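Open the model in your viewer and keep the selection box ready. Each stop tells you what to select and what to look for.

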Amino acid sequence: MNIYRNKKVAILFMLPALVFVILFIYYPIIQNFIYSLYRWSSFSEVKVFVGFDYYKRLLSDPIFYIALKNNALYAIISIVFQVGVGMILAAVLEEKIMRRYQTFFRTVYFMPSVISITVVGLLFQLVYNPNIGLLNAFLKVVGLETLTHDWLGRSDTAMFAIIATSQWQYIGYIMLLFLVAIQKIPEELYESAMIDGANAIQKFIHVTIPQIKETILVTSIITIIGAFKVFDEVYVMTAGGPGRSTEVLASYMYRAGFRNDEMGYAATIATVIFLITFIVTLIQLKVSKEKNEA
Amino acid sequence: MNKEHNGLSKFIFMFVFLLLITYSVIIIYPLLWMIISGFKTNQELFLEPWGLPAKLLWSNYKSAWDVGVGKFFVNSLFVTSVSVTVTLFISACCAFPLSRYEFKGQNIFLLIIIGGVMLAPQVSLISLYKLLQRLKIYNTYWALIIPYIAFRIPFTTFLIRSYMLSLPREIEDSAYIDGCTSWRLFWNIILPMCKPIMATSALLAAMSVWNEFMFALVFIEDSTLRTIPVGIMNLRSTLSTNWTILLAALTISALPMIILFIVFQKQFVRGITQGGVKG
């Protein structure tokens with residue numbers, strides 16, 4: 001249709017979206033990098049050019065490494081639970097015998113991911129609370145009183161307590177992505193595996209997993225990226241404490257910028273978050289491209 | 001199949017089923033505990049964290065509402081409805097030429113718009129903060145609405161565009177012959193056919209805006225302008241050990257999304273599985 005060849009009209013339709021995206025997504029990223037080269041404070045107009053000084057400082061900042069380690073821990077545990085457990089749950093719910101219960105379990109498992117992280121974080125703060133918390137009360141009931149703990153108040157357990165909350169919230173979400181992927185596998189593949197005498201576990205390993213490789217990749221990438229930009233959970237539950245034991249990159253950025261008023265240093269940390277998430281995304285694009293060409 | 005085998009698979013089924021139920025309890029219980037504890041006195045919560053309240057204390061919910069949740073709720077409602085409406089309109093407009101028109105550089109435009117999905121809001125926090133101050137909208141509703149719209153456009157455009165690509169084109173062809181303008185073609189013919197995906201996009205956008213925390217924390221200073229997620233964060237310190245009122249506040253904040261999800265589950269699932277993007 002000729003009407004669809006008018007480039008001016010096309011651009012007119014796209015203009016509002018382009019303005020928003022360029023002005024409020026792309027421009028701030030470039031601006032952020034520039035900001036990281038200056039020493040400046042949020043309340044004054046003075047900016048002192050410092051070049052890459054903040055990057056050098058970051059590389060010798062022990063808290064930066066604590067944060068990086070916590071983000072990595074977040075990523076690894078989330079891959080095991082969200083991708084691993086999520087995938088197994090989806091496969092189990094897609095078994096013929098389970099299908100009539102699937103809607104119920106799917107609804108329940110997915111539910112936490114529609115609730116805000118603030119609500120979940122504050123709720124789990126109470127669950128972990130040493131006095132009124134459910135977790136310690138439960139441990140007492142089952143006779144494991146020795147395990148009771150101030151879960152968020154101690155630096156050796158706080159990070160794990162936060163990560164566990166995040167698993168509670170998001171396993172069902174990733175499971176849903178796997179459910180849809182498994183539903184797309186042609187039934188014949190399972191039938192021929194049955195004829196070969198494969199049991200449920202063998203079918204899962206030899207039919208299901210090879211067929212959902214792409215989903216495994218995509219969910220792993222989503223999980224890793226999510227783990228390196230995590231902010232809300234940490235800020236709500238511990239704000240990086242006790243000490244600095246649960247600091248992650250984004251919470252450290254917030255602290256540098258809005259608590260210590262070192263905006264340039266905060267922008268430097270933001271650039272690092274950008275680089276990590278960007279590289280992970282590029283890897284994903286490259287791997288899926290190779291897969292499609294093969 | 002012999003009997004023994006049947007017995008074994010029945011046993012395995014029961015075992016797996018039990019595991020699934022246990023996991024359901026782990027998910028549901030804390031949420032139920034939150035709702036129920038919101039009806040208790042603080043003392044009841046202390047002495048019997050598991051028990052049911054002696055009588056339902058609606059006053060906790062009332063106090064929570066009065067102490068600030070009511071105000072935050074209205075703020076969230078306003079910010080969410082404006083952000084979602086504008087996002088939907090702008091994204092649909094943008095998806096239309098990207099799914100129908102043929103012009104040079106189309107792929108570059110597609111990349112610019114949809115590539116935004118990959119960029120984390122965390123990276124822009126500092127520079128957006130400064131930008132919003134320069135635009136003189138820092139610490140107003142617009143300091144939230146405008147970034148929310150910008151960050152929702154890429155994914156929403158992606159969803160609507162895929163849906164438009166799947167629509168049959170015969171109706172537009174005949175409308176074109178009748179001399180329809182491109183605007184009327186979009187507004188009167190294509191957009192009405194997109195209702196299902198618009199509903200899905202609206203739900204997902206509403207969920208992400210309603211729950212957003214980081215921008216709301218940094219771009220708003222005035223406590224009367226706060227949205228729910230940051231508002232209840234501050235309530236925690238105001239209420240200090242009035243746990244049960246806090247739990248009531250949490251329940252009020254979570255309920256709208258839980259209800260929306262249960263009612264519109266189909267639309268939620270469609271959107272999420274098409275995009276596979278978290279948050």
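Select α9(B) and α12(B): α9(B) passes α12(B) in a left-handed crossing. This is a predicted model. On chain B, α9 spans residues 195-211 and α12 spans residues 243-263. Their axes come within 11 Å of each other and cross at roughly 165 degrees. Are the two helices roughly parallel or roughly antiparallel? Angles over 145 degrees count as roughly antiparallel, so α9(B) is roughly antiparallel to α12(B).

Now show the side chains where the pair meets. From α9(B), pick L203(B), M207(B), W210(B) and N211(B). From α12(B), pick P256(B), M257(B) and L260(B). Colour this contact by class: six residues are nonpolar, one is polar and none is charged.

**Next stop: the other side of the story for α9(B)**

Keep α9(B) on screen and add helix α3 of chain B, residues 58-100. The axes of α3(B) and α9(B) come within 9 Å and cross at roughly 140 degrees. How do the two helices lie to each other? An angle of roughly 140 degrees is not over 145, the cut-off for roughly antiparallel. α3(B) and α9(B) are therefore oblique to each other. Check the handedness too: α3(B) passes α9(B) in a right-handed crossing.

Select the residues of this contact in two steps.

- In α3(B), take S76(B), V79(B), T80(B), S83(B), V84(B), T87(B) and L88(B).
- In α9(B), take M198(B), S201(B), A202(B), A205(B), A206(B), V209(B) and W210(B).

By class, this contact has nine nonpolar residues, five polar ones and no charged ones. Look again at W210(B). This residue takes part in the contact with α3(B), and it also belongs to the contact with α12(B).

**Zoom out: chain B and its partner**

Show chain B whole. Colour domain 1 (3-37) and domain 2 (58-275) separately. The C-alpha centres of these two domains of chain B lie 36 Å apart.

Now bring in chain A and find where the chains touch. How many residues does each chain bring to the contact? Chain B gives 74 and chain A gives 65. On the chain B side, highlight helix α1 (residues 3-37). This helix gives the most to that side, with nine residues. The chain B side divides into 54 nonpolar, 14 polar and six charged residues.

**Chain A in outline**

Hide chain B. Chain A has 13 helices and two strands. Its C-alpha atoms fill a box of roughly 75 × 75 × 30 Å along the principal axes. Of its 294 residues, 41% count as buried. Take the contacts in chain A between residues at least 6 apart in sequence: 69% of them join residues at least 24 apart.

Colour domain 1 (1-31) and domain 2 (36-293) of chain A. Their centres, taken over C-alpha atoms, are separated by 33 Å.

**A tryptophan in a loop**

Select W151(A). Its place is in the loop between α6 (134-141) and α7 (158-183) of chain A. Is W151(A) buried or exposed? Being buried takes 20 or more other C-beta atoms within 10 Å. W151(A) has 22, so it is buried.

Which residues touch W151(A), leaving aside neighbours within four places in sequence? They are Y128(A), L135(A), T157(A) and A161(A). Add N129(A) to the view. It is 22 residues from W151(A) along the chain, yet their C-alpha atoms are separated by 7.4 Å.

**Last stop: unusual backbone**

Most residues other than glycine have a negative phi, and most peptide bonds are trans. Three places in chain A deserve a click here.

Start with the bond between G241(A) and P242(A). This peptide bond is cis, with omega about -5 degrees. P242(A) lies in the loop between α11 (232-237) and α12 (249-259) of chain A.

Stay in that loop and select A239(A). This residue is not a glycine, but its phi is positive, at about 55 degrees. A239(A) has 14 other C-beta atoms within 10 Å, so it is partly exposed.

Finally, move to D261(A), in the loop between α12 and α13 (263-293) of chain A. D261(A) is not a glycine either, and its phi is positive, about 55 degrees. With 14 C-beta neighbours inside 10 Å, D261(A) counts as partly exposed.

Definitions and conventions:
Residues numbered from 1 in each chain as written. Chains lettered and ligands numbered in written order. Predicted model: local features only at pLDDT ≥ 70, side-chain atom pairs only at ≥ 80, totals over all residues. Helix = DSSP H or I, 4+ residues; strand = E, 2+ residues; numbered from the N terminus. Buried ≥ 20, exposed ≤ 12 C-beta atoms within 10 Å, placed from the backbone. Contact = placed C-beta atoms within 7 Å. Domains from an automatic or database assignment. Nonpolar A, V, L, I, M, F, W, Y, C, P; charged D, E, K, R; others polar. Axes fitted to C-alpha atoms, helices over the stretch in contact; angles between N-to-C directions. Parallel < 35°, antiparallel > 145°, perpendicular 65-115°, else oblique. Left-handed = near helix turned anticlockwise from the far one by under 90°.
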